[in-house]
Amino acid sequence: MNKKIVKIGNLEIGSDKIVLIAGPCAIESEEELILDTKNLKKVDVYRGGAFKSRTSPYSFSGLGQKGIDILNKIAKANNKLSITEITSTNLVPEYEKNVDIIQVGARSMQNFELLKALGKTNKPIMLKRGFGNTLEELLYAAEYISKEGNNNIILCERGIRTFENATRFTLDISAIAVLKKKSPYPVIVDPSHAAGNKEYVESLSLAAIAAGADGLMIEIHSNPEKALSDKEQALKPEEYNQLIEKVEKVANAIGRSV
Ligand code: PEP
Ligand code: MN
């Protein structure tokens, strides 16, 4: 299978260089996003939810448009790219204009109208695997995007639901090998939502890189205890920096860089 390298400005996703995406679960304020990101040593893309799909309708669901504006501003000021989740077809024009990589969340993987609308843009799309979906279903979802003409697709394994409940989801390491064999697209791993617990994020990250993932997306927060969402899985910026030192060693061992 020919490899697809997704290019955004100077960044290439799917080359020998591992791509690092980091940021809070949700954008909480401009001040907080600055605190979260300012001490990160190696990072290519800032993440943060603005329109959040929360399991409970009573949970913090993001700042909406204001969140996009903050992410865009802070990413640009630091010469980084931005990624944030889209939840509705109505938001496509706004995301086309102000977001570098559009994320489709696990809960929207089979929102086919949204996938078709994203297929009509030429933006890079990171498609997360639904936690109840097979890899075949993920690849068909990707085809809903590519069939409309957009093959700037990045796949993301973020854990699936199994009988095991020691972690929030079960990270499917096999998915990396299978997706690499069956599709041309780069594969990013999100160990944070898979683990649901910061204690396990390092182990899953290193395993993902050893297994051939093209990048990682890690949730961080300057003060995790105070985070408005997913606080159990957020690394502090200094913990993230320590993790990336180890990621670099594993990447180097298999002939890749960070
Ligand atoms: C996220 O990355 O912000 C997120 C909500 O993840 P997922 O869609 O995988 O649950
Ligand atoms: Mn989260």
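This passage describes the metal site, a helix and several side-chain contacts of a predicted model.

The manganese ion (ligand 2) is held by four kinds of protein atom, the donors being C25 (SG), H193 (NE2), E219 (OE) and D230 (OD), which lie 2.0 to 2.3 Å from the ion. Along the chain, these donors of the manganese ion follow the spacing C-x167-H-x25-E-x10-D. Because C25 belongs to the loop between β3 (19-23) and α1, whereas H193 belongs to helix α7 (residues 191-195), this pair of donors ties together parts that are 168 residues apart in sequence. Both C25 and H193 are buried.

Helix α1 comprises residues 30-37, and among its residues E32, L33, D36 and T37 are buried. These buried residues lie on the same side of α1, because they cover an arc of only 120° around the axis. The elements that cover the buried residues of α1 include strand β4 (45-47) as well as the helices α2 (65-77) and α9 (237-253).

The metal donor H193 is also one of the residues in contact with K128, when the neighbours of K128 within four places in sequence are left aside. K128 is placed in strand β7 (residues 125-128), and with a relative accessible area of 4% this lysine is buried, since the limit for that class is under 20%. The side chain of K128 is joined to the side chain of D190 by a polar contact of 2.7 Å. Beyond D190 and H193, the contacts of K128 include Q103, V104, G105, A106 and M109, together with L138, C156, R158 and M217. One of these residues, R158, takes part in a further arrangement, in that R158 lies over the face of F169 at 4.2 Å from the ring centre.

The loop that follows strand β7, between β7 and α5 (135-146), contains N133. With a relative accessible area of 13%, N133 is likewise buried, and the side chain of N133 makes a polar contact of 2.9 Å with the side chain of E137. When residues up to four places away in sequence are not counted, N133 touches M109, Q110 and I160; M109 also appears among the contacts of K128.

Helix α7, which holds the donor H193, also contains A195. A195 is buried, its relative accessible area being 2%, and, apart from neighbours within four places in sequence, A195 is in contact with T167, R168, Y200, V201 and L204. Between A195 and Q242, which are 47 residues apart along the chain, the separation of the C-alpha atoms is 18 Å.

Aromatic pairs are also present in the model, and the structure holds 3 of them. In one of these, F51 and Y95 form a tilted pair, with 6.4 Å from centre to centre and 45° between the planes. This pair links distant parts of the chain, as F51 is in the loop between β4 and α2 while Y95 is in helix α3 (residues 92-98), 44 residues apart. The two rings belong to residues that differ in their exposure: F51, at 21% relative accessibility, counts as partly exposed, whereas Y95, at 0% relative accessibility, counts as buried.

Conventions
Residues are numbered from 1 along each chain as its sequence is written. Chains are lettered from A and ligands numbered from 1 in the order in which they are written. This is a predicted model: local features need pLDDT of at least 70, side-chain atom pairs count only at pLDDT 80 or more; totals for chains, interfaces and linings use all residues. Side-chain values use heavy atoms; hydrogens and water are left out. Buried means under 20% relative accessible area, exposed over 50%, partly exposed in between (1.4 Å probe, protein chains only). Helices (H or I, at least four residues) and strands (E, at least two) are DSSP runs, numbered from the N terminus. The arc is that of the directions from the helix axis to the C-beta atoms. Contact means heavy atoms within 4.5 Å. Donors are N, O and S atoms within 2.8 Å of the metal (3.2 Å for Na, K and Ca); water is not among the atoms, so sites may look incomplete. A polar contact is a pair of N or O atoms within 3.5 Å; within protein, one must be able to donate a hydrogen and the other to accept it, and residues adjacent in sequence count only if both atoms are side-chain atoms. Rings of Phe, Tyr and Trp (its six-membered ring) pair if their centres lie within 6.5 Å; planes under 30 degrees apart count as stacked, over 60 as edge-to-face and the rest as tilted. A charge sits over a ring if NZ of Lys or CZ of Arg is within 6 Å of the ring centre and within 35 degrees of the ring normal.
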